[in-house]
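Biologist: I am new to this structure and would like a close look at a single part of it. Please take one pair of strands as the starting point and work outward from there.

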Amino acid sequence: MAAVKTVKNTAIKIKVKHAGRYPLPAYATKGSAAMDLHAEIGSRSQHIIQGESQLIPTGIWISIPEGYCCKIYSRSGLANKKGLGVSSGVGVIDSDYRGQVFVSLMNYGQVTQYVEPGDRIAQLVLEKVEKIEWEEVVELDETDRGIGGFGSSGNKTAA
């Protein structure tokens with residue numbers, strides 16, 4: 001019989017603009033890796049015309065522990081149905097940032113889209129950060145792949 005692994009959760013402090021108006025970011029299922037972020041845009045919808053992005057407030061401020069960051073990713077359903085996604089691909093919130101969390105939402109579609117108050121607009125993931133310490137060298141170690149890039153990994157003739 002396999003041993004049951006206990007997962008320790010990381011406590012994150014959160015300040016909310018309007019407590020109770022919208023749910024706190026939460027995991028939709030037991031296996032979810034990300035929490036949904038909601039649009040805190042008052043009582044009117046916000047439009048995003050095709051090819052443009054808008055900063056959408058979430059109404060939350062978070063205190064991320066040192067050694068971690070939060071990343072903001074697009075919601076696949078919103079991207080698929082409305083063409084709306086995080087404009088930079090992934091948003092990064094550093095552990096020393098204490099401002100309101102915003103989502104830069106881009107309309108990749110062909111028509112103007114609307115974000116309604118409380119809509120789930122993005123996903124938030126907590127990630128451990130490993131710091132880099134550079135070691136400057138004259139040469140790097142060799143590999144079978146070498147300097148081949150951009151499509152070379154499956155190409156036997158790329159040398």
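Modeller: Val 16 has Ile 60 as its bridge partner in β4. That bridge belongs to the pairing of β1 with strand β4, residues 53-63, which is antiparallel and runs over four bridges. The model is a predicted one, and the values here are computed from it.

The two strands are part of an open sheet of four strands, in the order β1-β4-β8-β6, with antiparallel pairing. The edge strands of this sheet are β1, residues 13-16, and β6, residues 84-86, and each of them pairs on one side only. From one strand to the next, the twist averages 45 degrees. As a general point, side chains in a regular strand alternate between the two faces of the sheet.

The bridge partners Val 16 and Ile 60 turn up again at a cavity. The structure holds one cavity of 30 Å³ or more, and the volume of the largest cavity is about 110 Å³. Its lining is made up of 14 residues, and those closest to the centre are Val 16, Tyr 22, Pro 23, Thr 58 and Ile 60. By residue class, the lining of the largest cavity divides into seven nonpolar, four polar and three charged residues. Two strands, β2 and β4, each supply at least two residues of that lining.

Strand β2 covers residues 35-38 and pairs with strand β10, residues 120-128, in the antiparallel sense over four bridges. Within this pairing, Met 35 has Leu 124 as its bridge partner in β10. Strand β10 also pairs with strand β5, residues 68-73, again in the antiparallel sense, over six bridges. Here Lys 71 is matched in β10 with Val 125 as its bridge partner.

Side chains add some detail to both regions. Back at the starting pair, Lys 15 lies over the face of Trp 61, 4.6 Å from the ring centre. On the side of β5 and β10, Lys 128 lies over the face of Tyr 68, at 5.1 Å from the ring centre. As for rings set against one another, the count of aromatic pairs comes to zero, with a limit of 6.5 Å between ring centres.

To return to the part you asked about: Val 16 and Ile 60 are bridge partners, and both are among the residues closest to the centre of the largest cavity.

Key: Residues are numbered from 1 along each chain as its sequence is written. This is a predicted model: local features need pLDDT of at least 70, side-chain atom pairs count only at pLDDT 80 or more; totals for chains, interfaces and linings use all residues. Side-chain values use heavy atoms; hydrogens and water are left out. Two strands pair if DSSP finds at least two bridges between them. Axes are lines fitted to C-alpha atoms, for helices over the stretch in contact, and angles run from 0 to 180 degrees between N-to-C directions. On a 1 Å grid over the protein atoms alone, a cavity is a set of points where a 1.4 Å probe fits but cannot get out, and a pocket is an open set with protein on both sides within 12 Å along at least five of seven lines; lining residues have an atom within 4 Å of a point. Grid points are joined across faces, edges and corners, and a volume is the space filled by probe spheres set on the points. Ala, Val, Leu, Ile, Met, Phe, Trp, Tyr, Cys and Pro count as nonpolar, Asp, Glu, Lys and Arg as charged, and the others, Gly among them, as polar. Rings of Phe, Tyr and Trp (its six-membered ring) pair if their centres lie within 6.5 Å; planes under 30 degrees apart count as stacked, over 60 as edge-to-face and the rest as tilted. A charge sits over a ring if NZ of Lys or CZ of Arg is within 6 Å of the ring centre and within 35 degrees of the ring normal.
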